[in-house]
Amino acid sequence: MRYYISDLHFFHSNLNEHMDNRGFSNVEEMNHYMIRQWNSRVRNGDDVVILGDFSTGNAEETMDVLKQLKGKKYLIQGNHDRYLKDKDFDRSLFQWIQSYKELNDNRRKVVLSHYPIFCYNGQFRMNAEGNASTYMLYGHVHDTYDEYLVDNFQKQTRQHIRSVRGKKEPVMIPCQMINCFCMFSDYIPLTLDEWIENDRKRRGK
């Protein structure tokens with residue numbers, strides 16, 4: 001099974017009182033809860049793609065957390081993943097570390113980046129049933145005004161239609177950008193299908 005999640009920010013105590021307002025009494029409580037939530041879903045044979053900003057801790061602290069988390073971890077590097085620059089950090093704790101990646105997930109293409117990409121590769125593509133065949137998964141913006149702007153962009157884009165070779169009638173632009181921010185899933189990594197449904201319900205509100 002493959003899961004996705006973003007912006008866990010282990011050891012980032014300020015997020016309990018500012019920006020995210022996570023509400024934990026201290027960073028130890030936050031870290032413990034996130035580890036427990038992760039391991040409640042993920043098994044050792046599963047793959048988890050982390051869409052950046054995994055930890056603001058040092059190399060030793062971050063390695064300790066990674067060793068407690070089940071599954072094989074893959075990292076899309078975020079702007080806060082500074083532990084990667086430490087020569088003592090064991091990069092083999094991640095299966096790979098990339099700034100950008102494109103993968104296939106159950107006959108769908110996923111574009112992976114820490115930062116939302118407004119004109120991502122495959123934005124116009126649909127399958128034979130007329131559903132989006134490419135999904136852009138991102139993080140970075142948490143649940144801030146920037147996320148509101150991404151949502152607004154998607155709404156505007158989906159209102160447009162365009163001509164497509166081989167089709168008699170113009171078609172809508174699917175535009176599927178999903179914010180995998182950890183607080184949207186109560187810190188539990190989710191599959192692509194689960195994130196699609198999570199995103200639909202959240203934006204529907």
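This briefing covers the sheet, the nonpolar cores and the cysteines of one structure. The model is predicted, so local features need pLDDT of at least 70 and side-chain atom pairs count only at pLDDT 80 or more, while totals for chains, interfaces and linings use all residues. Residues are numbered from 1 along each chain as its sequence is written, and side-chain values use heavy atoms, with hydrogens and water left out.

**Sheet**
- Four strands (DSSP E runs of at least two residues, numbered from the N terminus) form an open sheet with parallel pairing in the order β1-β2-β3-β4, where two strands pair if DSSP finds at least two bridges between them.
- Because β1 (2–5) and β4 (94–98) stand at the edges with a single partner strand each, one side of each has no neighbour in the sheet.
- Four bridges join β1 to the parallel strand β2 (residues 47–50), and R2 has D47 as its bridge partner in β2.

**Nonpolar core**
- The largest nonpolar core, a set of buried Ala, Val, Leu, Ile, Met, Phe, Trp, Tyr and Cys residues joined through side-chain atoms within 4.5 Å, has 49 residues, and Y4, L8, F54, F94, L112 and L137 have the most contacts inside it.
- Beyond its neighbours within four places in sequence, L8 is in contact (heavy atoms within 4.5 Å) with residues including M34, W38, F54 and Y187.

**Cysteines**
- The structure holds zero disulfides, a disulfide being a pair of cysteine sulfur atoms within 2.5 Å.
- C119 counts as exposed at 67% relative accessibility, whereas C180 counts as buried at 0%; buried means under 20% relative accessible area, exposed over 50%, and partly exposed in between (1.4 Å probe, protein chains only).
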